[in-house]
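Could you walk me through this structure in my viewer, one selection at a time? I am new to it and would like to know what to click on next and what is there.

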Amino acid sequence: MRLSIVVNLVLAFVALLFLAPLLWLVTASFDARAGFAAKLPEQFTLSNFGAVLTWDVGGRPLLNGLLISGGAAVVTVVVAVLAAYPLSRYQLRFRRPFLYTILFTTGLPVTAIMVPVYGLFVRLNLIDSLAGTMLFMAATSLPMAIWMTKNFMDGVPVSLEEAAWVDGASPMQALRRIVLPLMLPGVAVVAIFNFIAAWGNFFVPFVLLLDPAKQPASVNIFSFFGEHGMVAYGQLAAYSIVYTTPVIGLYLLVSRALGGGFTMSGAVKA
Amino acid sequence: MLLRTVTTGLTVVALGLTAAACGAPATDSKTIRVVYRNYSDFPQMDDFMKVVKKEFEAANPGLTAQLNPITSLDSDYLAKVQLMQRSPSTAPDVLFEDSYNVNADAAAGYLLPLDDQLKNWPDWNEQFIDATKQAGRATDGKTYAVPMGTDTRGIWFNKTVFAKAGLPTDWHPTSWDEVLAAARKIKQSQPDVEPMYMPLGKPSTEAVSMQTLEMLLYGTDTKDLYSESDKKWVAPSKGMNDALHFVSTAMTEHLAQTAAEAEDTQFAATQMTTRMSKDKIGFMIDGGWYARYWAPGGVSPWPEWTKTMGTTAFPTQHGQAPGKVTLSGGWTLAVGGSTGNAEAAFKFLTVALNKKNSTDIDVNCSWLPVRKDVRADPRLAEKDPTVPFWSDLVSITRYRPTLPEYPQVSNAMQVAADSVVNGGDPDQATRKWVEDVQKVVGADKTRNG
Amino acid sequence: MARNGKRVLAWLPPMAPSVVLLGLFVVGPIAWCLYAAFTNTALTGIAARRPQFVGLDNFKNLFTSADVGASLWLTVLFVLGSAVVGQNGAGMLLAVFMQRRSRVLRGIVGTIVVAAWVLPEVVAAFAVYAFLNTNGTLNEVLGALGLGGQNWLYTAPLFAVVLANIWRGTAFSMLVYQAALSEVPSDLTEAAEVDGAGPVRRFWHVVLPVIRRTVVTNLMLITLQTLGVFALIFVLTAGGPDNKTRTLPLLMYEQAFKFGQIGYGTAIAVVLLALGAVFSLVYIRSLKTEV
């Protein structure tokens, strides 16, 4: 029992440590003259939220972000599930080299490839296209998504499909009717994982989209930075809260739907 | 095997697509794309462009100006604009360009030489101040950009602090020694005040080179960072060594901000403007634009600043003629090198920079005018009484030698200053700087000075 | 032959979309970068108009430059400190401690840790700055406890960015290990308990061997994710003071976008890619040795 109390205390302490950096976001967002210290506002105000909760600042960019990140997550999941099926079910000689090679590419910051990607987008006439940007984001998150999805799929016993094959179902029918429903929690995890990555991605939409009306929230956050490094901290903090809420909400929603556990079960295996 | 073939095939396709990045402009020649940076602390830029667009379209029926503001940090604005310029179909027709990039962008073919059009624009010949025309002139002698406004640098000092230290509130230092002497006096009389501030530390990037080291260097007998006459960079440089010694003295005697503050990425944004208003800084060697921050609605409103703050020019090392030194930068408008309608783009530029619009943008952005007729406008001094002082410095101002190699030479200067700020030996930092410069530009393109 | 052909047809259609997307948007651009690393391609200046093939010049400069060596070393330290030791250790600790806790406690602690992870990178960076700067929350707390604070971002910059990345990334390892631990057969640990093994020994000798493969794979994933970290460091220290936190991604950004030297910048990216491959090979090798 004593051990249990110690463990609880340690957990509470770690939670506090993780919570502490978030404190400033809350205090500064209500401070009329916010600086960079987490302290109770001398001049309490709601004007920071008022300033960011307009259509141009908080509305449209969030909607664009939802479109791009949501679209990218859906495309990634669909493509990754399709690719994972043969990787999980067939004896393919190139399986390991393929998986490792695409995984290596994730070590490269996306800034490294933006120059050729920009040129490519101009050629394909995809510059300033929300769909193009979404596709690119989906492509860059594919390596992790394929890797995780394949591992989730490995956890679904092949024997279940064999019965379906006997009944004359094609592999794709078996995938849709039998495998997919069983790995739905895993698919949800991959989707949210990619959504979060896309939601925070600044450089890709910044470079590939020209029209300011198409920019998502991750780009718009820089509208609080002025010339000579001046920053409107109160508004930045308020905006950060508004900007972060959807992803936290999504996480809570999904983990609730999965029965309280946002599980990575089986996602990470060699 | 097939996979490899498919992958290779795709790679080849992708390579072919990216490698040949040249195509016909996608926009029709009746529409011009105007690209500029949108700052949060002055929406004036966006408002300004909207007005210009309306006037331009009214005066030129059939032509359309498509506004393309970019919201970002300075460094990202540059990266994005240069990417856009690489592809003719997305290249801007009219571009809001830092005078700092004119040379390199001209060499890259991103900008159109404007000499022929400027020749026939009376305003250019009669109204634009000659010294400011340097801002848009490249090393090939052609002019690629027209300045919108400029800025100068000097000393802001706090009269309250000066009075307490027994220093004159009408201060005109005539040498570096007098500047340091004043700082020492402030330190003795008010230990909790930081005597001086100048841009230092890695986060201050280009400001360290321009506002600190070059302001110092240009006031020494070495005079130059780059010698126009023999087209050589001046390294080794006695003046650079002296400049680094000045920084070293300020740091070791604790006359300037601490090294930790200099390295703080948010210090300038969060502390500087407020500290000044709380009489916690004696003087700062910085640009003339602070009135914007202290104005009502600025980041650090301070109505009393006009009474408390004094301005004076930064002196040369020993008072060598002309006795004071200043540097200018500023923003320009340029025409894209691959524009489909150079005539329309230039027309837009002349509307944007006519007398009325120039005045508006200079007043709203606290920029110094580059036109004589705008300088005479009373609205400028009304909004900021120090404008006449900063404007007068324009006559002696100098621009940076922004050759394509300049960013790396400048970075080497920042590295040198940074090592001194963190306790390094100024002589060693100078030697390292010389090595770096010779590596960047080639030893044959440097000379002793 | 016929069977072989049939197989090819079987795997190709489902994999085609991913192969096309990856080939076009990932492999193609990386191939371009590999080529550009041998040129003087630039964003501006003469070289932007007429890029030239310069052979191994970029790599020669790279290997003789003290900057690159220092950045490489910093990157290795950053990865080892924040990912291999920090995120991995903290994630494991949290996962182990949260086993068999009440659902409420697990929910609260889990959500707080995950909040740092889902926070957009720039926002996370500002939050950590507010925590660590001279007037920040950490110093306030230390002051209240009678301990002296210090300017963490200046006196211990590498430590500060490592801490920031641990804070931000631990959730991933925690989620992975929570899942792995839940799959350790309980009869194994119970048997060890009956034999009188304490909690530490039980973890070390029974649990760890079972989840070994997950540990190694997790290490590989977080290593790759950490190698590319840019905005977090850029906002906190800009790579300073005195370039003490300028990891390879920051150096690359500086060269490629600040100086417009795309050729040299992509050569640095190649080094980064190679570093990732070296780390990964070590992990893969350690998986193969004893299974």
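Here is a tour in four stops, beginning with a few notes on reading the model.

This is a predicted model, in which local features need pLDDT of at least 70 and side-chain atom pairs count only at pLDDT 80 or more, while totals for chains, interfaces and linings use all residues. Residues are numbered from 1 along each chain as its sequence is written, and chains are lettered from A and ligands numbered from 1 in the order in which they are written.

**Stop 1: chain C by itself**

Select chain C and switch on the cartoon view. You will find 14 helices and zero strands; helices (H or I, at least four residues) and strands (E, at least two) are DSSP runs, numbered from the N terminus. The C-alpha trace of chain C spans about 75 × 75 × 30 Å along its principal axes. Chain C has 291 residues, and 53% of them count as buried, meaning that 20 or more other C-beta atoms, placed from the backbone, lie within 10 Å of a residue's own.

**Stop 2: where chain C meets chain A**

Now show chain A as well. Here 75 residues of chain C are in contact with 72 residues of chain A; contact means that the C-beta atoms of two residues, placed from the backbone, lie within 7 Å. Colour H1(C) next, since you are looking at the largest share of chain C's side: 16 residues come from this helix. Other helices supplying at least two residues each include H4 (66–98) and H14 (262–289) of chain C. By type, chain C's side divides into 54 nonpolar, 15 polar and six charged residues. In this scheme Ala, Val, Leu, Ile, Met, Phe, Trp, Tyr, Cys and Pro are nonpolar, Asp, Glu, Lys and Arg are charged, and the others, Gly among them, are polar.

**Stop 3: the two domains of chain A**

Hide chain C and select residues 1–45 of chain A for domain 1, then 58–257 for domain 2. These bounds come from an automatic or database domain assignment. The C-alpha centres of the two domains of chain A lie 31 Å apart. Their contact takes eight residues from domain 1 and six from domain 2. On the domain 1 side, five are nonpolar, two polar and one charged.

**Stop 4: a sheet in chain B**

Finally, move to chain B and look for an open sheet of three strands, ordered E7-E8-E16, with mixed pairing. Strands count as paired if DSSP finds at least two bridges between them. E7 (226–227) and E16 (446–447) of chain B stand at the edges, each with a single partner strand, so one side of each has no neighbour in the sheet. Select E8 (residues 232–234) of chain B: two bridges join E8 to E16(B), and the two strands run parallel. To see one such pair, click Val234(B), whose bridge partner in E16(B) is Arg447(B).

Notes
A residue is buried if 20 or more other C-beta atoms lie within 10 Å of its own, exposed if 12 or fewer, and partly exposed in between; C-beta atoms are placed from the backbone.
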